[in-house]
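Colleague: I'm new to this one and would like to learn how to read it feature by feature. Can we go through it together?

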Amino acid sequence: MSEDDKYPPESGRRRFVKGVVGGGALAGVGATGAVSVNTLTTASGAGGGTVEARVVENVAGPAPRGMPQIPIEIDDDGFIKGVWPEVTTEKQQGVEFEVAKQEDFKGSGVTYSQEWFQYCGLESNNALVPSYESDNYFVATEAPDYAWQQEAKSEGDRFNVSDFDDYTEWGNGIGQAGLGKPAQAKWRSADSENLVPVAIIRSEAIEEAAQDDPWLQASTDQGVMAYLNKCTHFCCVPGYKTLSGSAGYDAEDKVYCQCHQSVYDPFSIVSAIYVGRPRPDG
């Protein structure tokens, strides 16, 4: 990333960037990264295979790629939901199956697919059944790490954009205040033991980046963005500004996975090509 793409060092922010990790570019990341991709996924099957996704960039640690972004919408009452792609029928090896996929998502030029989320066992979750009925709103988790969420939300409550009104000042004593206000949520899986964990962040950095990026214009709103919060290394659930110990890994203002010290930059969205697990039949 060029120096022109960065925020001033004193701001602690970075601009969103775009790039592709995969295909021919995989040769440049070394054998270890390529092996990690292969061992964390399975061979192509119904609803699986090679996929290009928009992800929160992995900037350090053993994770083979970033975590997939979830496009969001804010309804007329201010409640935030994750957008699920349109459901269509495809045929593979003579077998018809449903898939949730939307080409040229909202004119962004990006194909958005359920396959973005098919890793870490989530491919067998009811949440990823294309026609599974859900209102798609993000709802609060039972025991969030953030004091503001513990006080303001009960498990299952929906998130409203007004919950993040103090996003330009919010801080919790970890890293720099005012970079963005986070929340921990679950999506499409309230009736499942295998929850789909989601992180929501509202930030001025997101608002600025969306001004000249068609994908971010389509997938964020009012500075709000979301991503699937499952580390792509060994499927742990990392955190944005949740551990003071993350400072030792230059991650106090980033997303840090304490299991194996993978670090992600929530203000850098890139393209990643990888092999998504096939979704089981039924």
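**Reading the cysteines and beyond**

Modeller: Let's start with Cys259, which is partly exposed, at a relative accessible area of 37%. The scale goes like this: under 20% relative accessible area is buried, over 50% is exposed, and partly exposed lies in between, with a 1.4 Å probe and protein chains only. Before we go on, this is a predicted model, so local features need pLDDT of at least 70 and side-chain atom pairs pLDDT 80 or more, while totals for chains, interfaces and linings use all residues. Residues are numbered from 1 along each chain as its sequence is written, and side-chain values use heavy atoms, leaving out hydrogens and water.

Colleague: Which cysteine forms a disulfide with Cys259?

Modeller: A disulfide is a covalent bond between the sulfur atoms of two cysteines. In a model we call one when two cysteine sulfur atoms are within 2.5 Å. Here Cys259 pairs with Cys236, their sulfur atoms 2.5 Å apart. The link of Cys236 and Cys259 is left-handed, with -120° about the S-S bond. It connects distant parts of the chain, 23 residues apart: Cys236 is in the loop between E12 and E13, and Cys259 in the loop between E14 (255-257) and E15 (262-276). Those labels are DSSP runs numbered from the N terminus: helices (H or I) have at least four residues, strands (E) at least two. Unlike the partly exposed Cys259, Cys236 is buried at 18%.

Colleague: How many disulfides does the structure hold?

Modeller: Two. The other one joins Cys120 to Cys235, S to S 2.1 Å. Its torsion about the S-S bond is about -95°, so this disulfide is left-handed. Cys120 sits in the loop between E8 and E9, and Cys235 in the loop between E12 (224-228) and E13 (239-240), so the pair ties together parts 115 residues apart in sequence. Cys120 is buried at 16%, whereas Cys235 is partly exposed at 25%. Counting bonded cysteines along the chain, the pattern is 1-2, 3-4.

Colleague: Why does Cys257 have no bond to Cys231?

Modeller: Because the sulfur of Cys257 is 3.9 Å from its closest cysteine sulfur, in Cys231, which is too far for a bond. Both are covered up: Cys231 is buried at 1% and Cys257 is buried at 3%.

Colleague: How do I read the strands? Which strand pairs with E14?

Modeller: Two strands pair if DSSP finds at least two bridges between them. E14 and E15 run antiparallel and are joined by three bridges, with Val255 standing opposite Tyr264 in E15. The two strands form a hairpin with four residues between them, and Gln261 in the turn has a positive phi of about 65°. E15 also pairs with E2 (residues 49-60), antiparallel over eleven bridges; Val270 in E15 is the bridge partner of Val55.

Colleague: How many residues of E15 are buried?

Modeller: 13 of its 15, so to speak of it as mostly covered is fair. That brings us to the nonpolar core, meaning buried Ala, Val, Leu, Ile, Met, Phe, Trp, Tyr and Cys residues joined through side-chain atoms within 4.5 Å. The largest one has 63 residues, and Phe138 and Phe159 touch the most other members. E15 gives the largest share of this core, six residues.

Colleague: And charged pairs? How many salt bridges are there?

Modeller: Look for a side-chain nitrogen of Lys or Arg within 4 Å of a carboxyl oxygen of Asp or Glu; the count comes to ten. One of them joins Lys101 and Glu90, 3.3 Å N to O. Lys101 is in E7 (residues 95-102) and Glu90 in E6 (residues 87-92), eleven residues apart. Lys101 is partly exposed at 23%, and Glu90 is partly exposed at 28%. Another pairs Asp163 with Lys153, with the closest N and O atoms 2.8 Å apart. Here Asp163 is buried at 18% and Lys153 is buried at 16%. Asp250 and Lys254 also meet, at 4.0 Å; Asp250 is exposed at 55%, while Lys254 is buried at 16%.

Colleague: One last residue: where is Gln114?

Modeller: In the loop between E8 (112-113) and E9 (139-140). Gln114 is buried, with a relative accessible area of 0%. Contact means heavy atoms within 4.5 Å, and beyond four places away in sequence Gln114 touches residues including Trp84, Leu128 and Arg279.
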